[in-house]
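Have the model open in a viewer, with a cartoon for the backbone and sticks ready for side chains. Each stop below gives a selection to make and then says what is there.

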Amino acid sequence: MSTGVRAVPLARPLLDEREEELVLEVLRSGRLSLGPTIDRFEELLAERIGAPYVAAVSSGTAGLHLLAQIAGLGPGDEAITSPISFAASANCFIFEGAVPVFADVDSRTLNLDPSALEAAITPRTKAVVAVDMFGYPCELDEIRAVCSRHGLALIQDAAESLGAEYKARQVGSHGPSGVFGFYPNKQLATGEGGVVFTHSEREWQLVRSLRNQGRAYEGGTWFHHVRLGFNYRWTDVQAAIGIGQLEKLDRLLELRAAAAARYRRLLEGVEVELLCEDDADHRRSWFVYVVALPGGSDRARVMAELRAQGIGTAEYVPCVHLQPYMREAYGFREGMCPVAEDFASRSLALPFYPQLEAEDQERVVDVLRAAL
Ligand SMILES: Cc1ncc(COP(=O)(O)O)c(C=O)c1O
């Protein structure tokens, strides 16, 4: 580094000898896919989140896609999701031919605003993908009520919220089906991977079949396909990493929460807006550390100054409806979701991971303060 200071990446998983040991066991067993390590991970995660059924898949996106297909989405249908999310929250139903509709977010939580959601419903609406953005649980009860009033399927995109609590219960335990994701920046990091959690045995069986080329969900021979399926299988090597991560998940979440609390203290007096605090109904699982700069700031320059000091940062996150392919395909433009667009124009992520050191956080905040 030209500056001679230590680089601070945006994200980094915390892996140790336990994951190495578990991965070695799988390598030595020769069971690299469809093996017992995946079953074990699924059982442990189901127990942890309080969902009766968990099925591992190759990514959070794959899980969302299967849930969109199981919801019966197809051409001519509309599905509503949040503009403050990752593209996969909408792509999952576009894959099935449905048209994306974006409802604005609540300015405090940055999750779908239930009244904006209800206002976006048309006779063609068939499903809602509700996102727990930045690890903060969405307004599940209100969204569920809207969905049942209008006969809509509900999918919970919990890719970012493993370990969060809504109304004092773990995300995943409430009833709607959803996904978690395990990309390396996530609370539980396995490289790639995800799970579908569900409270429906039928749906669980379908996911197990669809992820495995449409083979019967149990029994059946290798070349016997009962439906059109995908190769959305995970591997036992990734499941081994997942078990190691799950064993220390409480510590990982505590370290993340402690790093977030340190940032909050350090940022006192710095002119940025922070993500909302927990309240009686919502407990965030800390995933990324995002701040919003004051209106009119030159975000590109602030980010360039952070990067020049070896500090990882990113615009977090651009609105999904304003991505080039969305504008092109659906004619979406600025002004459709003003709350989301205002936040997305000002937000940036700071380095954030469990083993982030206090002195690095102090330097990040000093550079940010100076840049502002
Ligand atoms: C909100 C949200 N949804 C879906 C996904 C997709 O997960 P994956 O990267 O595992 O496909 C992500 C991952 O970044 C996400 O943050």
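Select helix H10, residues 299-308: this helix lies across E13 and E14 and runs at about 10 degrees to E14. Axes here are lines fitted to C-alpha atoms, for helices over the stretch in contact, with angles from 0 to 180 degrees between N-to-C directions; contact means heavy atoms within 4.5 Å. Helices (H or I, at least four residues) and strands (E, at least two) are DSSP runs, numbered from the N terminus.

The model is predicted, so local features need pLDDT of at least 70 and side-chain atom pairs count only at pLDDT 80 or more, while totals for chains, interfaces and linings use all residues. Residues are numbered from 1 along each chain as its sequence is written, and side-chain values use heavy atoms, with hydrogens and water left out.

Next, show the strands under H10. E13 and E14 run antiparallel and are joined by two bridges; two strands pair if DSSP finds at least two bridges between them. Select Ala314 to find one of these links: its bridge partner in E14 is Ala349. Widen the selection to the open sheet of four strands, which has the order E10-E12-E14-E13 and antiparallel pairing. Its edge strands are E10 (273-274) and E13 (314-315), each of which pairs on one side only.

Now turn to the aromatic residues. The structure holds 14 aromatic pairs, where rings of Phe, Tyr and Trp (its six-membered ring) pair if their centres lie within 6.5 Å, and planes under 30 degrees apart count as stacked, over 60 as edge-to-face and the rest as tilted. Select Trp286 and Tyr289: the ring centres are 5.4 Å apart and the planes are at 15 degrees, so this pair is stacked. Add Phe352, whose ring centre is 6.0 Å from that of Tyr289, with the planes at 40 degrees, so this pair is tilted. Tyr289 lies in strand E12 (residues 289-292) and Phe352 in the loop between E14 (347-350) and helix H13 (358-371), so the pair ties together parts 63 residues apart in sequence.

Are these rings buried or exposed? Buried means under 20% relative accessible area, exposed over 50%, and partly exposed in between (1.4 Å probe, protein chains only). Trp286 is buried at 16%, Tyr289 at 3% and Phe352 at 2%. Add Tyr263 as well: Tyr263, Trp286, Tyr289 and Phe352 form one aromatic cluster.

Stay with Trp286 and show Arg284, whose charged end sits over the Trp286 ring, 5.0 Å from its centre. A charge sits over a ring if NZ of Lys or CZ of Arg is within 6 Å of the ring centre and within 35 degrees of the ring normal. Another such case is Arg215, with its charged end over the ring of Trp222, 3.4 Å from the centre.

Move to strand E5, residues 153-157. Four of its five residues are buried, so E5 is largely enclosed by the rest of the structure. Strand E4 (residues 125-131) pairs with E5 in the parallel sense over five bridges, and Ala130 has Gln156 of E5 as its bridge partner. Follow the chain from E4 through helix H6 (residues 140-150) to E5: this β-α-β crossover is right-handed, that is, clockwise from the first strand over the helix to the second with the strands pointing away from the viewer. E5 also pairs with strand E8 (residues 177-181), again in the parallel sense, over three bridges. Select Ile155 and Ser177 in E8 to see one pair of bridge partners.

Finish at Glu19 in helix H1, residues 17-29. Glu19 is buried at 4% relative accessibility. Leaving out residues up to four places away in sequence, Glu19 touches Leu14, Ile241, Gly244, Gln245 and Lys248.
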